[in-house]
Amino acid sequence: MKLTIIGTGYVGLVTGTCFAEVGHHVICVDKDAAKVKLLKAGGMPIYEPGLEELVKKNVRAGRLRFTTSTKDGVEKSDIIFIAVPTPPQDDGSVDLSFIETVAREIAGSMTRYKIIVDKSTVPVKTGDKVAETIKRYCKSKVEFDVVSNPEFLREGFAVGDFIKPDRVVIGMHSKRPEQAMRDVYAPFEAPIICTDINSAELIKHAANSFLALKISYINAVSVICEASGANVIEVANGMGMDARIGRRFLDAGLGFGGSCFPKDLSAFIKISEQLGYEFSLLKEVQKINTGQMERFIKKISDTLWVLKDKKLGVLGLAFKQNTDDVRLSPAIELCQQLQKMGAQLRVHDPRAMEKARPFLPHATFVKDMDAVAEGCDALVVATEWPEFKKLDLERARKGLTHPIMFDGRNLFDPEEMERLGFIYKSIGR
Ligand code: NAD
């Protein structure tokens, strides 16, 4: 099938590449000329495990190409996916201007029936607005259908998630686009749920908010664990073995961040408010998340007392493992707050150092993770990269002026750390 993806970011590039991988002919459009130039030259604008090989393979096979021209993308394909940003505004609501712009651009280039699929995460009822906009700006008055097809991939595991999704959600107001949408996804052999557009849009916000809630729940439990001498990992294991609960998203830590959970949570709270419901449960989820970071910083300052001129080594800058994405990363926020308190930082991340540099202009970026601790008063773990578990702990301990580690991701075993001579402080144990 001929497909166009507008917006070639984390979601758009993965979507386009995976569609090409199963045999569709895909055009990826982006307004960022530098990004398109880089992709055309065989470069990658983001790090995502396994993606680069797939992009190269499908470009070579002639199934995937890149352009800055929305007109080209709309003319050549029957189904147009929208994967542009939907960033938060100051009041928590969603900035839908990227979606509106693309809707107008698509409308201006349509000369025959098209299916326009929204893959960006949007508040309920956005599909109706997109349809209205296209109708208003489409001079040739051709027929079209708007479909909501929210994306559930996780950065760091995006290719695997896209190729083997738990489910595909397709929201439509009419039966007309259903078969084509089923055909697009048929090669993935995944369960497909067809709903109305509003329900599809709500599924995404409700799902992400629930996952954020699960993280805040275990973080709140971690506070009780610390106060009572229990171990949050054992509690999470015991809870997670209950099939009704499940172990995933029960890892206590610095709290959630990234470009999705915080914004989707705020957006869901805001849209609920606009629809007449105060979602106070989700407001509490936000509060617990902020509190988790504050408690961790207090743990550091309670131990080191005055942070001014203290040197801290920080492992991890990405908002989670396996990605170079630092958008709303708790690790970056932690670093910025520690700097505000006067600390000097030596930082390392396996993939995110380049993207983190502009946010931390005064930090020293260290290439070798084993060298981060050198000359520092303490070492801080801020992202759950599995690589950090292989840290040369002996060298780290010797390099530190005081053998103190604050582990915001519970990567190490407290008993083992004590045996190795560390003063080790983690979360909820
Ligand atoms: P991104 O910022 O990585 O990519 C968006 C791309 O759209 C950018 O390259 C930008 O240049 C391009 N763009 C903006 N306006 C354009 C226009 N008018 N024409 C062509 N290109 C345009 O964003 P992302 O992380 O891929 O997120 C996209 C959407 O998907 C958001 O709504 C997000 O909430 C949702 N989402 C993201 C993830 C994730 O893990 N990143 C997962 C599921 C859903």
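Helices here are DSSP runs of H or I, at least four residues long, numbered from the N terminus. With that in hand, α5 is easy to place: it gives the shell around the ligand its largest share, three residues. Keep in mind during the tour that this is a predicted model.

**Stop 1: the ligand**

Select the ligand and show what surrounds it. You should find 27 residues, the closest being D30, K35, T86, E155 and K263. Colour this shell by residue type and it splits into 10 nonpolar, seven polar and 10 charged residues. Now add the helices α1 (10-21) and α5 (97-109), each of which supplies at least two residues of the shell.

Next, zoom in on some polar contacts. Pick the side chain of D30, where an N or O atom sits 2.6 Å from a ligand oxygen. Move on to K263, whose side chain also has an N or O atom 2.6 Å from an oxygen atom of the ligand. Then choose R327, which brings a polar side-chain atom to 3.0 Å from a ligand oxygen. How much of the ligand does the protein bury? On its own the ligand exposes 820 Å², and 92% of that is buried by the protein.

**Stop 2: the start and end of α2**

Select residues 33-40, helix α2, together with D32 just at its start. A side-chain oxygen of D32 comes to within 3.1 Å of the backbone nitrogen of A34. After the helix, look for G42, which has a positive phi near 90 degrees.

**Stop 3: the eight-stranded sheet**

Show the strands β1 to β8 next. They form an open sheet in the order β3-β2-β1-β4-β5-β6-β7-β8, and the pairing is mixed. At its edges are β3 (64-67) and β8 (192-195), each paired on one side only. Look along the sheet to see its twist, which averages 25 degrees from one strand to the next.

Zoom in on β7 (168-172) and β8, a parallel pair with four bridges. Here I170 faces C194 in β8. Now bring back α5, the helix from the ligand shell. It packs on this sheet, touching β1 (2-6), β4 (79-82) and β5 (114-118), and its direction makes about 160 degrees with that of β4.

**Stop 4: the six-stranded sheet**

Move along the chain to the strands β9 to β14. This open sheet has six strands in the order β11-β10-β9-β12-β13-β14, with parallel pairing. Why is one side of β11 (364-365) and of β14 (423-425) left without a neighbour in the sheet? Both stand at the edges and have a single partner strand each, so one side of each has no neighbour there.

Select β9 (residues 311-315) and β12 (residues 378-381): these parallel strands are joined by four bridges. Within the pair, L312 is opposite A378 in β12.

Finish with two helices on this sheet. Helix α12 (residues 280-304) lies across β9, β12, β13 (404-407) and β14, and runs at about 170 degrees to β13. Helix α13 (residues 330-340) packs on the sheet too, where it touches β9, β10 (344-348) and β12. The direction of α13 makes about 160 degrees with that of β10.

Definitions and conventions: Residues numbered from 1 in each chain as written. Predicted model: local features only at pLDDT ≥ 70, side-chain atom pairs only at ≥ 80, totals over all residues. Heavy atoms only, no water. Pairing = 2+ DSSP bridges. Contact = heavy atoms within 4.5 Å. Axes fitted to C-alpha atoms, helices over the stretch in contact; angles between N-to-C directions. Near = heavy atom within 4 Å. Polar contact = N/O pair within 3.5 Å; in protein donor to acceptor, adjacent residues only side chain to side chain. Areas by Shrake-Rupley, 256 points an atom, 1.4 Å probe, with all protein chains shown as cover. Nonpolar A, V, L, I, M, F, W, Y, C, P; charged D, E, K, R; others polar.
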